[in-house]
Every structure is written in C-alpha cells, then in structure tokens.
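Colleague: I'd like a close look at one part of this model. Please start from a single residue and work outwards.

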Amino acid sequence: MPCPALPDGFDFTDPDVLQDRVPFPEFARLRQVEPVHWVAQRPGVAGYDDAGYWAVTRHEDVKYVSTHPELFSSSANTAIIRFNESISRDSIDAQKLIMLNMDPPEHTRVRQIVQRGFTPRAVRSLERALRERADAVVRAALEGAAADGRFDFVTRVAVELPLQAIAELIGVPQEDRAKIFDWSNKMAAYDDPEYAVTEEVGAEAAMEIVSYAMNLAAARKECPADDIVSRLVAAEDEGNLSSDEFGFFVILLAVAGNETTRNAITHGMHAFLTHPAQWELFLRERPRTAAEEIVRWATPVVAFQRTATEDTELGGARIRRGDRVGIFYSSANHDPDVFDDPGTFDITRDPNPHLGFGGGGPHFCLGKSLAVLEIDLIFDAVAATMPGLRLAGEPRRLRSAWLNGVKELQVAVR
C-alpha cells in the first residue's frame, strides 16, 4: 500500500535526513497507515546486496521484533542498518564478533559473562568516582568558558563522563582515555564529511581498540587485579572471555556506551534549555524520572535492524525470509498509543515504557543502570554549578544513518 506522506525515494536511513532532523512527521504517518513499510534502496547503497528494508514504526511491533530472535536475527546482516556503500561483505561479517551482532545461544553465553561487570553492586561501586568526575567536568567547563560565558556543551561536558565511566569500568589509565575517545569517534562518524573519516579509517580505529583491549586483557591474565577486566578474562577455561572476545566487547562499550550516553546528555541539555519550566522543575526537585525521559526524548539510536529467518507477517506486511527489518526506536518512543502527549518533554513522566535502551529481549541494553547513573550525575552537577545556563546557538547535528547525534551545542553561563 503506498504511503502518501513519503515522497518518492524517501529513506529513513539516508544520512542527510538525520543530519537535518529526526523524521517524526513521516514516522507518525506510517504508524497510522502502514506501520510496517517497505523502503526501497538501490542494491549496495547501504552495504547490502538487496533491494531495501522494512521500516517498523509502532511500539508494539518494535518490541515484537526485539523479543523474537528466533524470527529476527541480529547476526545474519548485523544490527547496523546502513554502512557506507564501499564496505565489503567480509568487513560486515567481521562485525559479527561484537555481541550486538550475535544471536542466541552464542549471544547468551557472552552476555552471561559480561553482565558480571554491570551488576547493581558493580555500578554502585563506580558512583563516588563518577560523581566526583561529573563535578570536576562541569567546573572545568565553567572555568574554561569564553569571556562572554560561551562554551560547547558537547566537547566540554557531554563527551567526558561517558568516556570516564567506561574507562573506570575497565581500568583504562587516565593518560590513555583520550585515545579511546578518538578511536570511538572515528568508528561512529564515517557518514559525516566534516570528520573526513573513511570506512578504512573507522576499521583501523576499531582494530586499535581491539588491540588495546587485548593487551589489557593479557596483562590482567598475567597479573589479576580487583577489577572487572580480571573477572571477565582471568580464567578463560572457567567460562570467561578470551582476549579477542574482550577486545570486541570494548568496541561495543566504546560506541554503544560512549556515543549513545553522550548524545542523550546533549539532547537532554538542549531539551531543558528549550523547555525552561522543565529545567526549573529539575532545579527544584531533581526527580529520579528525569533520566528516563531524557533517553526517550533523545533516543540516541534511531534504529537497528534484524533479518527475518523465515517468512512471517508483521503489522499487516508479509516479510520474506532474508528481508532486512529496521526497528525504529525514535518512532516507537513517540507512539501516542503508548505515551500520552509524546511530543511533550516531561521529566515526571511515569510510567515511561520507552525503548531507548532497546525493545527488550536478548539485546536489551546491558549498561542501562550505568547510563541512567551518568545522566543523573551530570545534570545534578550542571544544576549545582551553572543553574543559569542558557542556549547560545542551535545544535549542529551529526550526519549519520542511525545515530541521533549532535556534534556541537553552544551554551553560555549567565
């Protein structure tokens, strides 16, 4: 069935679309008239030798795909819905070593190991260090502001705490942390010409992270410490990670943990500054529901994909075995059948069954509790140190096929 809301050739994964905006009007129309919609693509344009993908836009359908890995595979074509046209199939297949791109039972085995690092106790053990780091980051941004009080919130605040959290988690020395940040940027920014990053550079950055992490794992095997790395790798024959598995796990942390939380924090600050009543409410009450609403509002990952393992039906569409299926979290998180007034930023929203951490199932975000802690801590620090912060420019968006990213947000201290 044709969808009159979409112009011919409209593709939700076109990097030019997300550089301009998240296409909420188009999502809304599809939810109403064709919730599972075929998006045609020229073969190879997304790195895949096929004719396109199904766009899944309703909350209930995104959850269904997410919770039925036996029908919708993460491994067959990976979870990344669009690569550069120049990528080789071998390069795509190599990414199946990352947990994000695994299916059960292999995914189950790896996740059961790495989740040792994300227990409530493990996350609580980081809170004091991260609170101190959040306070220091915000104070440094204030002290380094220009004479007129301006600074870039992304580079001075939002990038710092997620990077520090991952580094604290796996024991990266302070002097090496900037390298991890640089490598993760190169991996995720290949669609944005401003960064002049090619697929080859991104692949090299990924290998740098793997190599660094493997060396870290080898050191902990030789001399275990009281840290997460030792618990994950020190006794491989007892069900722990091999050195290369640990390396690919750190790649996942560098993108899924660093990029996403950084963008949630940036979008959250922009939302507060464009909704001053919500910022005043946060300053007064610090509701613990705020972080969840920030993630819903931001939805840093617009979409991942799955591949149908057999012929099936979803949302009135007949999906064939081998078809790629895009699950659009940004659309699901604005579904009015689930959220009252979803276009309103409301930090007291409760319940808030958003899918910003995934739609449930085996790939639900392992680091959710850590991400929520980081968001709470950084906004507590901003509220305490610069409550009069104001917007000093429009956000400059990242050109990306699947990340809702912001690369610059100018703010000013009053």
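Colleague: In which loop is the place of R286?

Modeller: R286 is in the loop between α13 (276-285) and α14 (290-298). Helices (H or I, at least four residues) and strands (E, at least two) are DSSP runs, numbered from the N terminus. A word on the basis: this is a predicted model, where local features need pLDDT of at least 70, side-chain atom pairs count only at pLDDT 80 or more, and totals for chains, interfaces and linings use all residues. Residues are numbered from 1 along each chain as its sequence is written, and side-chain values use heavy atoms, without hydrogens or water.

Back to R286. Its phi is near 45°, a positive value in a residue other than glycine. Most residues other than glycine have a negative phi, and most peptide bonds are trans. R286 has 27% relative accessibility, so it counts as partly exposed (buried is under 20% relative accessible area, exposed over 50%, partly exposed in between; 1.4 Å probe, protein chains only).

Follow the chain through α14. T299 is found in the loop between α14 and β5. Phi of T299 is near 35°, again positive and again not in a glycine. But T299 counts as buried, because its relative accessibility is 2%.

Two backbone features of another kind deserve a look. A cis peptide bond joins P104 and P105, with omega about 5°. P105 sits in the loop between α4 (89-94) and α5 (106-114). D350 and P351 are also joined by a cis peptide bond, with omega about 5°. P351 belongs to the loop between α15 and α16 (368-385).

Now the strand after T299's loop. β5 covers residues 303-308, and 5 bridges join it to β8 in an antiparallel run. Here F304 stands opposite I327 in β8. On another side of the sheet, strand β2 (residues 52-56) runs parallel to β8, with 4 bridges between them. The bridge partner of W54 in β8 is V325. Strands pair if DSSP finds at least two bridges between them.

The full arrangement is an open sheet of 5 strands, ordered β1-β2-β8-β5-β3, with mixed pairing. β1 and β3 (72-73) are the edge strands, each pairing on one side only. β3 runs antiparallel to β5, joined by 2 bridges. S73 of β3 has T307 as its bridge partner in β5.

Look at β8 itself. Strand β8 (residues 324-328) has 5 of its 5 residues buried, so it is largely enclosed by the rest of the structure. Both faces are covered: R324, G326 and F328 are buried on one side, V325 and I327 on the other.

What packs around here? In helix α2 (residues 24-33), E26, F27, L30 and R31 are buried. They cover an arc of only 140° around the axis, so they are on the same side of α2 (the arc is that of the directions from the helix axis to the C-beta atoms). P25 and Q32, on the other side of α2, are exposed. The cover over the buried residues of α2 includes β1 (36-40), β8 and α15 (329-332).

Next, the rings. There are 20 aromatic pairs in the structure. W38 and W54 make one of them: edge-to-face, 5.2 Å centre to centre, with 65° between the planes. The pair links distant parts of the chain, with W38 in strand β1 and W54 in strand β2, 16 residues apart. Rings of Phe, Tyr and Trp (its six-membered ring) pair with centres within 6.5 Å; planes under 30 degrees apart are stacked, over 60 edge-to-face, the rest tilted. W38 is partly exposed, at a relative accessible area of 29%. W54 counts as buried, at 13%.

One aromatic cluster is formed by F272, W279, F282, W297, F345 and F379. Close by in sequence to W297, R296 has its charged end over the ring of F339, 5.5 Å from the ring centre (the cut-offs are NZ of Lys or CZ of Arg within 6 Å of the centre and within 35 degrees of the ring normal).

One more arginine. R262 lies in helix α12 (residues 243-274). R262 is buried, with a relative accessible area of 7%. Leaving out residues up to four places away in sequence, R262 touches V154, A158, V159, P162, F181 and N185, where contact means heavy atoms within 4.5 Å.
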